[in-house]
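Me: Could you take me closely through one hairpin of this chain, turn included, and then set it in the context of the rest of the model? I would like the cut-offs behind each term spelled out as you go.

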Amino acid sequence: MRPHHPSSGTIREPCNRRLALRALAGVALAGGLGASRCARVPAGPEAVSVPLSELPPGTRRVLQYAGEPVELRRSERGAVARVLVCTHYGCTVAWRDEADAYICPCHAGRFDGDGVPVMGPPQRPLRTVPVRIDGDRVRVGG
């Protein structure tokens with residue numbers, strides 16, 4: 001005998017183990033198919049490379065990566081790439097030798113040589129981008 005649902009006037013099938021397992025298998029299968037589609041990570045922006053000979057230790061070079069200005073700086077220890085977008089308001093910062101800092105023209109924010117805020121409204125450091133020296137080239141991102 002099928003139970004009668006009093007509020008709707010419909011007859012409901014009793015929930016048994018087999019029905020519950022079928023429902024769970026269907027959800028797991030659908031979730032698995034959806035996950036496989038979602039698991040594909042879109043490729044990030046292509047790496048930008050610079051000949052090592054054009055970036056001797058102690059130099060800085062500004063380039064575009066992923067639509068943002070990035071400063072590539074090389075030292076005796078390696079290279080670092082830093083996004084030159086202020087973390088406060090999004091203005092473009094620039095390195096100033098006389099101040100020994102990155103200066104933001106919008107609200108006088110200052111970041112030290114490592115991109116850490118030292119003055120003004122910015123609270124977060126400048127973002128970095130992965131960099132590697134690959135043979136005779138310096139590769140930013142990718």
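Reply: **A hairpin and its surroundings**

Strands S2 and S3 form a hairpin that leaves 2 residues between them, and in the turn Ala66 has a positive phi of about 55°. The strands named here, like the helix, are DSSP runs numbered from the N terminus, with at least two residues of type E for a strand and at least four of type H or I for a helix. This is a predicted model, in which local features need pLDDT of at least 70 and side-chain atom pairs count only at pLDDT 80 or more, whereas totals for chains, interfaces and linings use all residues. Residues are numbered from 1 along each chain as its sequence is written, and side-chain values use heavy atoms, with hydrogens and water left out.

Ala66 lies in the loop between S2 and S3, and its phi near 55° is a positive value in a residue other than glycine. The two strands run antiparallel and are joined by 6 bridges, S3 covering residues 68-75; two strands are taken to pair if DSSP finds at least two bridges between them. Within this pairing Leu63 stands opposite Val70 in S3. Val70 in turn stands opposite Val83 in S4, which leads to the next hairpin, where S3 and S4 (residues 78-83) run antiparallel over 6 bridges with 2 residues between the strands. S3 is mostly covered, since 6 of its 8 residues are buried, buried meaning under 20% relative accessible area, exposed over 50%, and partly exposed in between, with a 1.4 Å probe and protein chains only.

These strands belong to an open sheet of 4 strands in the order S2-S3-S4-S9, with antiparallel pairing. Strand S2 (60-65) and strand S9 (128-129) stand at the edges with a single partner strand each, so one side of each has no neighbour in the sheet.

The side chain of Arg60 reaches an aromatic site: its charged end sits over the ring of Trp95, 3.9 Å from the centre of that ring. A charge is counted as sitting over a ring if NZ of Lys or CZ of Arg is within 6 Å of the ring centre and within 35 degrees of the ring normal. The structure holds 1 aromatic pair, formed by Trp95 and Tyr102 in an edge-to-face arrangement, 4.9 Å centre to centre with 70° between the planes. Rings of Phe, Tyr and Trp (its six-membered ring) pair if their centres lie within 6.5 Å, and planes under 30 degrees apart count as stacked, over 60 as edge-to-face and the rest as tilted. Trp95 and Tyr102 are both buried.

Two further places bear comparison with the turn just described. Ala108, in the loop between strand S6 (101-103) and S7, has a phi near 60°, again a positive value in a residue other than glycine, and Ala108 is partly exposed, with a relative accessible area of 44%. In the hairpin of S10 and S11, with 2 residues between the strands, Gly135 takes a positive phi near 70°. Strands S10 (residues 131-134) and S11 run antiparallel and are joined by 4 bridges, with Val131 opposite Val140 in S11. S11 also pairs with strand S1 (residues 48-51), in the antiparallel sense over 4 bridges, and there Arg137 is the bridge partner of Pro51. In a regular strand the side chains alternate between the two faces of the sheet. Strand S11 (residues 137-140) has Val138 and Val140 on a covered face, and Arg137 and Arg139 on an uncovered one.

For the chain as a whole, the elements are 1 helix and 11 strands, and the helix comes ahead of the strands along the sequence. Buried residues account for 24% of the 142 residues. Confidence is given by pLDDT, the predictor's score for each residue from 0 to 100; the chain averages 81, and 69% of the residues score at least 70. Among the elements, helix H1 (residues 17-38) has the lowest mean pLDDT, 50, and strand S7 (residues 110-111) the highest, 98. Over residues 27-38 the pLDDT is below 50, and beyond near neighbours in sequence this stretch has 0 contacts in the model, a contact meaning heavy atoms within 4.5 Å.
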